[in-house]
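Hi,

Here is the structure I said I would pass on to you. Have a look at it first, and my notes are underneath.

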Amino acid sequence: MSSESTPLSDRELESYFSDDYLYFSDLVNPPERSDREAEAIWKLLSLGHDDSVLELGCGYGRITNRLAEKGARVTGLDLSPILLKKAEADAAERRIDVEYVCGDMRSLPWRDRFDAAFLWYTTFGYFDEADNERVLHEAAASLQKGGRLLIDQINRFFLLREHSPSYEIVQRDDDLRIDIINNDALTDRRNCDRIVVRGGCVRRTRLSIRQYGFSECVRMLRSAGFDHVEAYGQEGAEFTSNGPRLIVVAYK
């Protein structure tokens, strides 16, 4: 296995989710897209006013804060202090109360607390097999009986149509973010080498995410203590093999 197909260290993850990540974020996820996705999550998790919700890998709070505005009691966990600081500033600007915690999704401090939890925008699969499953066990333990867990990820079948490597470029003024993406069929990992050219400096980071099919998700989620698992497509539409996303909703 090449080094590019191995899971990232905690330091590499923090390096990826940095100020450079924030700098291009509104171009990649404009506000109207975040509004639409928050509405889809609200419906998929059958959320109501005052329900307690946990977002794992909440980033800069683009979804978390919108769910709080809709009336949920929301907690967001992330490993990046830089992204969490932005999330807290945005929550203050919106005049909402959100609990933000800097921590590791493989070791959660809560037990039997939340009505629902979710991992959005391909935030599941960062680690090796054992630690990815540990994330699911920790999420299950944080939920009350009857709780729901939602995972949004790329549809592995969709990637079969994608040339590898592929290239994605985002430009903001004179600054560039260049992603070189390889899909490794032998390790089922999607590997991104990111080059940021910003302010006259060049920085390189990488991300590697394990791609799981639905049957693998069902096996892992049942092992983690969930009774029932459903599949959806992008933003809650019907799942199709040629659609870009696989959304899994599991019930404890």
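Below is what I found, starting with the sheet and ending with a few single residues.

One thing up front: this is a predicted model.

**The sheet and its helices**

The sheet is an open one of 7 strands, with mixed pairing, and the order reads β3-β2-β1-β4-β5-β11-β10. At the edges you'll find β3 (99-102) and β10 (228-232); each has a single partner strand, so one side of each has no neighbour in the sheet. On average, neighbouring strands here are turned by 15 degrees against each other, if you ignore direction.

If you want one strand pair to look at, try β5 and β11 (residues 245-251): they run antiparallel and are joined by 7 bridges. Leu149 sits opposite Ala250 of β11.

Two helices go with this sheet. Helix α6 (residues 81-94) packs on it and touches β2 (73-78) and β3, with a direction at about 170 degrees to that of β3. Helix α7 (residues 129-142) lies across β1, β4 (114-119) and β5, and runs at about 145 degrees to β5.

**Asn155**

Next, a residue in the loop between β5 (143-154) and α8 (156-159): Asn155. Is Asn155 buried or exposed? With a relative accessible area of 2%, Asn155 counts as buried, because the cut-off for that is under 20%. Its side chain reaches the backbone nitrogen of Phe157 at 3.1 Å. Setting aside neighbours within four places in sequence, Asn155 is in contact with Phe239, Thr240, Ser241, Asn242, Gly243, Pro244, Arg245 and Leu246.

**Backbone oddments**

Some backbone geometry to have in mind when you set things up:

- Ser164 and Pro165 are joined by a cis peptide bond, with omega at about 5 degrees. Pro165 belongs to the loop between α8 and β6 (166-172).
- Ser46 has a positive phi, near 50 degrees, although this residue is not a glycine. You'll find Ser46 in the loop between α4 (31-44) and β1 (52-56). Ser46 is exposed, at a relative accessible area of 52%.
- Asp188 has a positive phi too, near 55 degrees, and is likewise a residue other than glycine. Its place is the loop between β7 (175-184) and β8 (189-198). With a relative accessible area of 26%, Asp188 is partly exposed.

That's everything from my side for now.

Cheers

Key:
Residues are numbered from 1 along each chain as its sequence is written. This is a predicted model: local features need pLDDT of at least 70, side-chain atom pairs count only at pLDDT 80 or more; totals for chains, interfaces and linings use all residues. Side-chain values use heavy atoms; hydrogens and water are left out. Helices (H or I, at least four residues) and strands (E, at least two) are DSSP runs, numbered from the N terminus. Buried means under 20% relative accessible area, exposed over 50%, partly exposed in between (1.4 Å probe, protein chains only). A polar contact is a pair of N or O atoms within 3.5 Å; within protein, one must be able to donate a hydrogen and the other to accept it, and residues adjacent in sequence count only if both atoms are side-chain atoms. Contact means heavy atoms within 4.5 Å. Two strands pair if DSSP finds at least two bridges between them. Axes are lines fitted to C-alpha atoms, for helices over the stretch in contact, and angles run from 0 to 180 degrees between N-to-C directions.
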